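Here are a few exercises to work through with the structure open in your viewer. Try each task before you read the solution under it.

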Amino acid sequence: MNSPVHQRAGIYVHIPFCERLCPYCDFAVSIKVDIPHREYTRAVLDELQSRRDEMQHYRVATIYFGGGTPSLLEPAMLGRILERIEQWFDLVDRPEVTMEANPNQVTDENLRRWTDIGIGRLSIGCQSFQDRHLEALRRNHSGDQAFDAVQRALEVMDRVSMDLMFAGPSQPMEEWGADLELMQRMVREQGLDHVSGYNLTIEPGTAFWIRRKRGTVVTPDHDTAAAMLERLVEATDEVGLRRYEVSNFAVDGAESEHNSSYWRGRPYLGVGAGAHSLQVGVGGRAQRRKNPRRYDDYIEAGGEPEEVERLDPADHLAERLFLGARSRRGVDIDEIQQLFGSSLGDVVDEVRPVLDDLVDRGWMRLDDGVVYRPTNRGLDFSDSLAQWLFEAVDEVVST
Ligand code: SF4
């Protein structure tokens, strides 16, 4: 599939191993003491090599190691993957190379090795600096370790982000406020320029789901969670971090290009267990590919996907509108027309009144006559916004 719109694309590499299972985790993970570093790296390299052609029309602008816990993979293996990506794909100058890391692996030695192999951006899963909250989340690090990890990384890495989590089990507002104060200190005193703040979501089938049903896990009610989000938005704003997506805050210019490209609907190649890929073609045709979730199934499959889903243009359009509405970059009608014009130009025209209505309600604003951007209120209610946009496209297409 060739694309007339996007020239830049991303590569996502999933490293599924974790030391233990967090009770809220719904990701493709494998709990391992003995990580098969070489065997897994070999499988990832084989997949990358066999799928080189999928990226022949694109320049790779971002590479992202996500997990699981990618910082558990030996740096030498991460380095081999990066070397091969450089060799096999057409990269832009200075691509953004990010790795997610657990605080207890952010040592001086690891930081040196990660920077040596070309990782330029670290996303540290702190979640909190309060030991009580970390224990409630069953994280395997302390608050001090999380704090130290960010300090050390800021001294060495070009770019650092940290994740925080709110509305955790029995979390009072004061505890969340203490996390936000430390975050502000790091922005003011150490130059931290990117923060992701997530509302704990409890997915069916997770340990927390079962415990919440039994009443042994109690999370803050809806109003308290909303107040915690409001405090996050205020606290980041006070130190100059702009909310550029529902859960992401950055100094201008420090946004994650990789994550932004998902919200822009850019194509990406996802390799590794459970990884997804998106290919975008002419007329808005798109294809999503999913790899087997279990790492041993992935290795056994030898690069074959578990599922390939063709998105029809209407579904793809609804998804693009929804993703655009989650980020400050918004929905650019000219860009959407260019991508879907040959197949869905009329639909785009008919959906515009729905976007205009969202502007009237204060959920979006219209810039330059063509770009619909969510307001803070729109970002707070992004799920409802998404639902409206899906229904609008569905109604237009089915009439
Ligand atoms: S560290 Fe992250 S990926 Fe691993 S189990 Fe915990 S939440 Fe899941």
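A residue counts as near a molecule if one of its heavy atoms lies within 4 Å of it. Keep in mind that this is a predicted model.

**Exercise 1. The ligand shell**

Find which residues surround the ligand, then sort them by class.

*Solution.* Start with the stretch that gives C18, R20, L21, C22, Y24, C25, F27 and V29, then add G68 and R139 to complete the ligand's surroundings. Next, sort them: the shell has 7 nonpolar, 1 polar and 2 charged residues. Gly counts as polar and Arg as charged, so G68 is in the polar class and R20 and R139 are in the charged one.

**Exercise 2. The cores**

Work out which members of the largest nonpolar core touch the most other members, and look at what surrounds M162.

*Solution.* The largest nonpolar core has 71 residues, and the ones touching the most other members are L48, F65, F89, L122, M162 and M183. Now zoom in on M162: leaving out residues up to four places away in sequence, M162 touches I124, C126, F129, V150, M183, M186, L192, H194, V195 and S196. Apart from that core lies another, of 28 residues, including Y268, V351, W363 and M364.

**Exercise 3. A buried serine**

Decide whether S123 is buried or exposed, and list its contacts.

*Solution.* First, place S123: it is found in strand β6 (residues 121–127). The cut-off for buried is under 20% relative accessible area; S123 has 9% relative accessibility, so it counts as buried. Not counting residues up to four places away in sequence, S123 touches Y64, T98, M99, E100, A101, S161 and D163.

**Exercise 4. Checking a helix**

Test the length of helix α8 (residues 222–238) against the expected span, then see what its buried side packs on.

*Solution.* At 1.5 Å a residue, the 17 residues of α8 should span 24 Å, and the end C-alpha atoms are 24 Å apart, so the two agree. The buried residues of α8 are A225, M228, L229, L232, V233, A235 and T236. They pack against β7 (159–166), α6 (173–190), β8 (194–199), β9 (242–245), β10 (248–250) and α13 (376–380). Just after α8, G240 takes a positive phi of about 85°.

**Exercise 5. An open sheet**

Give the strand order of the sheet that contains β15, and say which strands stand at the edges.

*Solution.* The order is β15-β17-β16, with antiparallel pairing in an open sheet of 3 strands. β15 (331–332) and β16 (364–367) each have a single partner strand, so they stand at the edges, with one side of each left without a neighbour in the sheet. β15 pairs with β17 (residues 371–374) over 2 bridges, and the bridge partner of D332 in β17 is V371.

Note on methods:
Residues numbered from 1 in each chain as written. Predicted model: local features only at pLDDT ≥ 70, side-chain atom pairs only at ≥ 80, totals over all residues. Heavy atoms only, no water. Core = buried A, V, L, I, M, F, W, Y, C linked by side-chain atoms within 4.5 Å. Buried < 20%, exposed > 50% of the residue type's maximum accessible area, 1.4 Å probe, protein only. Contact = heavy atoms within 4.5 Å. Pairing = 2+ DSSP bridges. Helix = DSSP H or I, 4+ residues; strand = E, 2+ residues; numbered from the N terminus. Expected span 1.5 Å × (residues − 1).
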